[in-house]
Amino acid sequence: MSSEALDRLAGERVDHRFKGLPPDADGLTVGELAAQRRNLFTGGFTTPVLALSAERLEHNLRLMEAYAARHGLAFAPHGKTSMAPQLFRRQIERGAWGITLAVPHQVRVARAFGIERVFLANELVDPAALRWIAAELAADPAFRFVCYVDSVRGVRLMDAALRGTPRPVEVVVELAGGEGARTGVRTEAECAAVADAVAATATLRLAGVAGYEGEVPRADPERVRAWLRRLVALAVDFDRAGRFEGLGEIVVSAGGSAWFDAVADVFAELPELSRPVLRLLRSGAYVSHDDGHYRRLTPFNRVPEEGALEPAFRLWAQVVSRPSPDQAFVNAGKRDAAHDLDLPLAQVVRRDGEERPATGVTVTALSDQHAWVRTDPGADLEVGDWLGMGLSHPCTSFDKWPLIPLAQADGTVVDYIRTFF
């Protein structure tokens, strides 16, 4: 990665663009503010403010590094979760092969910060984006880019956009999770037709096969493993047919955040092929984990002996109204809190420097700028209290906050994480 580009983030000025930061920090650079090591609760931060736990972030990074290494997997975590180059760097420092992304804009962000390996877990047929990718490949021999293909028509559009470019674009045939799933080729015969279309071009190179097991209909361990075995069998069939001749390695890739244990198990069954195999896992939500959806779905619930991820986000808001004994309102809503999978979870109440569990406090709805809070009889919640809430769905938590304080357990803010959505 480019240290110079990351250093420039520290030189960005703090101002009105970044919600939750201390008003008296306006005009400081992000680096200057970080050097002050202000406290999240006493250092002038305003509510609502989202904080990322420094200790839990580090725990999650270490855990998935160890998991991938233990299972012989290369790891390209999905960067669309955070879109934070500082976190990309830390993921790569923790052994990541590269970064997975989903759309061309995200690739442009990654390249601006010097990411050298990008796996685009999506089809790409936009000619302007393809020409930009080709220019990046031509200008940087170290840059490796791989993307999905799932149709003969898509291959032809890619070929038309890329003609005359010096380096072929590597592609993997995407096998769909099943009928009614998202993108991807539905049958093995169609996969072969797409591979044939790739072989007929000079602009593309077939690098392997891939897919997303999270799209398997009515997913359960048996169905997911059956689909993964189809993916592995497709790689074997392609190899026997000589489709990977001339490659340095064969890419076989899958893995979201709900079934990576199944991916590890089935990828371990891959027989020896004619070339070394890059078994590429792409899980991304682990970096912050969450207090709802992924806490319920994480594979570590099935394999607790392998460890446990820790939810690293907490959204702090302030009680601004207590209109009745069973109702309160805090000043954070849909613009601040992820809400596409679960409502925020009331966890702790902070008053006069003391923190205690949010017993009898429940978030029941969100308006644009308010959370509706129900309080049970006897719940101790007053106007002015800070309410700390857990969030569900990392991707839609990161994308609401362009600059996120990275705070230690005692509230000391040691850095600020810049996102680019």
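Which residue follows α5, and what is the sign of its phi? The residue is G114, and its phi is positive, near 80 degrees. The model is predicted. The points below cover helix α5, strand β1 and residue N60.

**Helix α5**
- Helix α5 spans residues 104-112, and its buried residues are Q106, V107, V109, A110 and R111.
- The cover over these buried residues includes two helices, α4 (85-93) and α6 (127-139).
- Strands β3 (99-101), β4 (117-123) and β5 (144-149) are also among the elements that cover them.

**Strand β1**
- Strand β1 covers residues 49-53, and 5 of its 5 residues are buried.
- V49, A51 and S53 lie on one side of β1, while L50 and L52 lie on the other.
- Both of these faces are covered.
- In a regular strand, side chains alternate between the two faces of the sheet.

**Partners of β1**
- β1 runs antiparallel to strand β10 (residues 313-324), and 4 bridges join the two.
- In this pairing, A51 stands opposite R314 of β10.
- β1 runs parallel to strand β17 (residues 403-407), to which 2 bridges join it.
- Here S53 stands opposite A407 of β17.

**Residue N60**
- N60 belongs to helix α3, which spans residues 54-70.
- N60 has a relative accessible area of 0%, so it counts as buried, the cut-off being under 20%.
- The N60 side chain reaches the backbone oxygen of E310 at 2.9 Å.
- Apart from neighbours within four places in sequence, N60 is in contact with Y286, V287, S288, H289, L309 and E310.

Terms used. Residues numbered from 1 in each chain as written. Predicted model: local features only at pLDDT ≥ 70, side-chain atom pairs only at ≥ 80, totals over all residues. Heavy atoms only, no water. Buried < 20%, exposed > 50% of the residue type's maximum accessible area, 1.4 Å probe, protein only. Polar contact = N/O pair within 3.5 Å; in protein donor to acceptor, adjacent residues only side chain to side chain. Contact = heavy atoms within 4.5 Å. Pairing = 2+ DSSP bridges.
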